[in-house]
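Q: Please take a close look at one part of this model, beginning with how charged side chains pair up, and then describe the elements found elsewhere in the chain. A connected account with explicit residues and values would be most useful.

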Amino acid sequence: MQERIAQLRQQLQLAGHHYHVLDEPLIPDAEYDRLFRELQALEANHPQWITPDSPTQRVGAQPMSSFVTVAHKVPMLSIHTETDISAEGAIQFDNRVRKVLQLSSEDPPLEYVAELKFDGLAISLIYQDRVLVQACTRGDGQTGEDVTHNIRTIGQIPLRLPDAAPPQLEVRGEVYMRRDDFESLNERQRSRIAEGVKNEKTFVNPRNAAAGAVRQLDPKIAAQRPLSFFAYALHFHAPSDAVLSPVEATLNGLQTYGTHHQILMALKQWGFPVSDDCQLVAGAQGLIAYHQQIAQARDRLPFDIDGVVYKVNQISLQARLGMVSREPRWAVAHKYPAQEELTTVQAIEVQVGRTGKLTPVAKLAPVFVGGVTVTNATLHNEDEARRKDVRVGDTVVVRRAGDVIPEVVSVLLDKRDHAAPAFTMPRHCPVCDSPAVREEGEADFRCTGGLFCSAQRKQALLHFAQRRAVEIDDLGEKLVDQLVDAELVKTLPDLYRLTRAQLIGLDRMAEKSANNLLASLEKSKQTTLPRFLYGLGIRHVGEATAKDLARHFGGLQAIINASVDQLLMVNDVGPVVANSLRAFFDQVHNREVVQQLRECGVHWEEFAPGARLDLPLSGHTYVITGSLPTLSREQAQALLEQAGAKVAGSVSKKTTGVVAGEAAGSKLEKAMALGIPVLDEAALLALTRST
């Protein structure tokens, strides 16, 4: 047992040094908390083995030797963490407070201030004569590190306070980094690494990026890091010869304000940023409601939090509650499920999405993170997999926030078996063995199997059947799932081979429904070449491109046989679209699907190449905006296109005219600013009839 205690102390001291001093976390916060609680429990059962240097006997790590150390006049103590992440945690805190205050069930609910528990770096700001003179970190709670030169670079922290503020005071709060700022910072870091700049690295999370910035020796570097600040506490220093207890030192002078909420409002009036998510709540039920509210909003916040904090609002009650060990009785941190955990990679598989995208996925030893048990984590694409260098057998940090797909954040390289091979993306689809290609300028590999690939089958069917493609009424997502899962439909032509008997055998498919679907399938056989082309789901070929191709070539076979150079002659077809078309029709199975669809009776009118390029509105571009009185947007578009016009989605100097209906917005405003003619429905009908 004594050996385990010594082992835990060593692990926690090493992890604390890397986290607080080096800003290079070895393990996730949840893992540290778990080890810390185990050590606390062992020491509670064996108090004779507690030593002054145990991690349980101090707040944080020792300050960095490269900074001047500062003794805190009021200790920067930690608060108790409620380990029960359910609603019960709030109830237990309220019960403890009421018990110490000797309140009965008949007494009214206590008033609390509920705040966010920011995931940043605690900072103390000392003001003399209303001017910022010193800023220091928490350090070990008794002494911290002087980081004034870096804190001055944070624009949110006032360097001088207004006359309404007391002349001498200490403000405490959190330095943090917004998520969007963190992503931008890492993007810049990746660019610098790619350029060959030495000693550059990306950061694991916003908290450590912020801590690293605060601890820069050169303030010019800190100034380049996008740091933010929230204030959450106020202190007044007692005379140097005064002898105060920890409670008296902490609450000295605060009784003037009466409540913690009034202190927060005063801080805001003096120019400090105070989170708008702080709330006054009543009793345990108010705490529970706040905990649930923030849990739902957590992933939408622009910064990271790992829980909420509850504080008794009345300063006089805080004084009565006092301290226990190193923690105040009047406050508690109520955490949420950890968003990062440690686990091991058991395998790396490549999954094929509905659009053919190949995604490497790490298969993990099951781990509870973000409120659920996670067994898979995305590696996103080849570039990300290589950058993180995840290998089978690695110990990794896995992150899951809300409904976000779990991802591997980083690898613990010191635990790697260096014989493990690096991951490489396969060059063939793992489902259908078609070539996997990565188009220029894109991060993802995609299967070129298209209609042939079973992984893309359901999406291909739904795309083919949609209203803007061949339009098969009565063929919805649930029915497609049944048809594919029952292996009745493996390719698009199988839709037209379905029988009444097969359909009636499906779940919730009566004879009438089966007849309706068969009738819809029969009706869909008569279509147009643009609709058919669009329905094939060729990458980068949308409705407008399909229409341009049909107009230019006149028939499908000419499109199938066209070279890249010939395709580039089509209006608005560039190299990406041309190569995508060529790659699609170069696949034998795709040509076979097209041929089989035609043999099943799918047909359309073909015409001589370029025959429709001389229509009255050929070469003209129109934009439709707002709601027309009688025509739908699709009907208005069809009228223009039948006359040879192209319908675009945005207004530019090349736009011929804008068809505007009720509630037309910015497109109409832009057209008027550019002097582009504006047509109503009557003018549109007159234009298309006259042509």
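**Charged pairs and their setting**

A: In this predicted model, R391 and D389 are joined by a salt bridge between their side chains, with an N to O distance of 3.0 Å. The two partners fall on either side of the cut-off for burial, which is set at under 20% relative accessible area: R391, at 18%, counts as buried, whereas D389, with a relative accessible area of 23%, is partly exposed.

A second pair is formed by D481 and K458, whose closest N and O atoms are 3.4 Å apart. This salt bridge links distant parts of the chain, since D481 belongs to helix α14 (residues 477–485) and K458 to helix α13 (residues 457–465), with the two positions 23 residues apart in numbering. D481 has a relative accessibility of 23% and therefore counts as partly exposed.

Some charged residues share partners, and in this way E382, D383, R386, R427 and R438 are joined by salt bridges into one network. Within that group, E382 and R386 form a salt bridge whose closest N and O atoms lie 3.2 Å apart. Both residues sit in helix α12 (residues 382–388), where a spacing of four residues corresponds to about one turn of the helix. Their surroundings can be described separately: E382 is buried, at 3% relative accessibility, while R386, at 49%, is partly exposed. By the same rule for salt bridges, the count for the model comes to 41.

Turning to how helices meet, the axes of α21 (residues 575–586) and α22 (residues 588–599) approach within 5 Å and cross at roughly 80°, so the two helices are roughly perpendicular to each other. The contact brings F584, F585 and D586 of α21 against V588, N590, R591 and V594 of α22. Sorted by class, the residues in this contact are four nonpolar, one polar and two charged.

A further region to consider is an open sheet of four strands, ordered β5-β4-β7-β8 and paired in the antiparallel sense. Its edges are β5 (131–137) and β8 (228–235), each of which pairs on one side only, and the twist from one strand to the next averages 30°. Strand β4 (residues 121–128) is joined to β5 over six antiparallel bridges, and I123 has T137 in β5 as its bridge partner. Between β7 and β8, which also run antiparallel, there are seven bridges, and V175 is placed opposite F229 in β8.

Two helices lie across this sheet. Helix α6 (residues 206–214) lies across β4, β5 and β7 (169–176), running at about 40° to β4, and helix α9 (residues 260–269) lies across β7 and β8, running at about 130° to β8. Although β8 is an edge strand, eight of its eight residues are buried, which means that β8 is largely enclosed by the rest of the structure.

Conventions: Residues numbered from 1 in each chain as written. Predicted model: local features only at pLDDT ≥ 70, side-chain atom pairs only at ≥ 80, totals over all residues. Heavy atoms only, no water. Salt bridge = Lys/Arg side-chain N within 4 Å of Asp/Glu carboxyl O. Buried < 20%, exposed > 50% of the residue type's maximum accessible area, 1.4 Å probe, protein only. Axes fitted to C-alpha atoms, helices over the stretch in contact; angles between N-to-C directions. Parallel < 35°, antiparallel > 145°, perpendicular 65-115°, else oblique. Contact = heavy atoms within 4.5 Å. Nonpolar A, V, L, I, M, F, W, Y, C, P; charged D, E, K, R; others polar. Pairing = 2+ DSSP bridges.
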